[in-house]
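Q: Could you go through this structure with me and explain how the words used for it are justified?

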Amino acid sequence: MTRQIDSIRSRITQYVRSQINEKKWAPGYVIPNTAELAAMFGTQLSNAHRALLPLLKEGLISRKTGCGTIVNQPEEIKTVAVSIFREKKRGISAFRRKLTDCVVEELLARGIVSKIIYLSDNTNEVIEELNEFEAAGKIQGAILAVPWDDIARANDRLKIPCSFLSRVKSSTCVSIDSNKSFEKLMAHLQETGRTKLAFLGSIIRKDFLNQDHDSPLLHDLTSHLRIAEKYHIDLPEQFLILPDKLEPNPYARVEYAYQAVKQLFSRKNHPNALYVSSDDLLPGVIFALLEKNIRVPKDLELICMKNKELSQFAPFPITYLELSIQKLALALVDQLTGQMEGKRASNITIETKLIIRKEFGQS
């Protein structure tokens, strides 16, 4: 007898659930009352009443006084795509990994997003993926940072709200500006007599310098070179060290930096200031300087971009251009959520801050 009752209750529950899932009963529809359900299935009112309890707990239906039991609006699952780096991708810098963590944490903390998906780091693949997701109604927005600039130029090809981390300044972009802090750095080097500067890069190929590339990365470099010239800081061609190819493997980048700095300080004429443009090069630089017995800061002012953590725990004081990952993440999320709420987007610029360390352990 008990099994028969359970079977009837289960049949009523499944019937109501299927009507809702198959959209035969739309949100707001008043479902048959317990007396009608009991009559349909030839059972008692109490069984029809109990059959509806699981659906009430799930939120599929709710009881309204004076109205009856109605179908609820389905819970909206807002999904945002993140392409700061591909999930579990090898070779990504510590900076972008931390930025991804901060962005995802902030998105979930605000409660406006309940699902995060990770995309490819290839421009065309990202665009295709996003538009496919949008067409299927599976995605409501995206935060994109890889590739830094190509994807920002592709904004007009995307059909959903997007926030970009890019050096291209546009209404939907969050941009990084290091020019003011770099100018303060050049003034500091001039004041302390560190006028022989070397630049170690990793994201601009050497052959770019001799070609007409419309690259914001190249614009940043040439802008920095002009600032150095303004303060009479000498940066000869042999001190401008750029890779022959862009290396995705992190260990290969460390080896590139190690070999480049060793060669740099094997010359009779070597610099008294070294600017390291990327955080993932710093370990190789440190190993080379220790091996060559270069004393920092006595023999060399060492400057690094972005990496406060490595700068603080290095075996000697490192001056750095600090970029707040938290501020960057908040700006990216603010940019996206504003668009998702229908607000007009505007460019947000995050400036770096010059931190000069004269002693080990000083912050």
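**Reasoning from values to terms**

Q: Which residues does L289 touch, not counting residues up to four places away in sequence?
A: In this predicted model, the partners of L289 are V261, F265, I294, V296, L300, L302 and F316, with residues up to four places away in sequence left out. Each of them counts as touching because a contact needs heavy atoms within 4.5 Å.

Q: What makes a set of residues the largest nonpolar core, and which members touch the most others?
A: Members have to be buried residues of nonpolar kinds, such as Leu, Val or Met, that are joined through side-chain atoms within 4.5 Å. The largest core has 47 residues, and those touching the most other members are M186, L200, L274, V285, L289 and L302. Two or more residues come from each of α8 (179–191), β8 (197–200), α9 (216–230), β9 (240–241), α10 (250–264), β10 (273–276), α11 (282–291) and β11 (301–306). The largest share, six residues, is given by α10. There is also a second, separate core, which has 23 residues and includes C102, I325, A331 and I350.

Q: Which residues of α10 are buried, and what covers them?
A: The buried residues of α10 are R253, Y256, A257, Y258, A260, V261 and L264, so each has a relative accessible area under 20%. Their cover includes β8, β9, β10 and α11.

Q: How do you know that the length of α10 fits its number of residues?
A: Helix α10 has 15 residues and reaches 21 Å from its first C-alpha to its last, which is close to the 21 Å expected at 1.5 Å a residue. Helix α13, residues 325–340, can be tested in the same way: its 16 residues reach 23 Å, close to the expected 22 Å.

Q: Which residues of α13 are buried, and what does G342 do just after this helix?
A: In α13 the buried residues are I325, L328, A329, A331, L332, V333, Q335, L336, T337, G338 and Q339. Just after the helix, G342 takes a positive phi of about 90 degrees.

Q: Why is C102 called buried or exposed, and what of C173?
A: A residue is called buried when its relative accessible area is under 20%. C102 has 17% and is therefore buried, and C173, with 0%, is buried as well. As for disulfides, a search of the whole structure finds zero, so no pair of cysteine sulfur atoms lies within 2.5 Å.

Q: What makes the phi of H232 worth noting, and where is this residue found?
A: Most residues other than glycine have a negative phi. H232 is not a glycine, yet its phi is positive, about 60 degrees, and H232 is found in the loop between α9 and β9. With a relative accessible area of 62%, H232 is exposed, because that term asks for over 50%.

Q: What is found in the loop between α11 and β11?
A: N293 is found in that loop, and its phi is near 60 degrees, a positive value in a residue other than glycine. The relative accessible area of N293 is 61%, and N293 is therefore exposed. P297 is found in the loop between α11 and β11 too. The bond joining V296 and P297 is a cis peptide bond, with omega about 10 degrees, while most peptide bonds are trans.

Q: How do you know that β1 and β2 pair, and in which sense do they run?
A: Pairing requires at least two bridges. Strand β1 (residues 61–64) and strand β2 (residues 68–71) are joined by four and run antiparallel, with R63 opposite T69 in β2. Their hairpin has three residues between the strands, and G66 there takes a positive phi near 80 degrees.

Q: How are the faces of β5 described, and in which sense does this strand pair with β6?
A: Strand β5 (residues 141–144) is covered on both faces, with G141 and I143 buried on one side and A142 and L144 buried on the other. Its pairing with β6 (residues 162–165) is parallel and has three bridges, and I143 has S163 as its bridge partner in β6.

Conventions: Residues numbered from 1 in each chain as written. Predicted model: local features only at pLDDT ≥ 70, side-chain atom pairs only at ≥ 80, totals over all residues. Heavy atoms only, no water. Buried < 20%, exposed > 50% of the residue type's maximum accessible area, 1.4 Å probe, protein only. Expected span 1.5 Å × (residues − 1).
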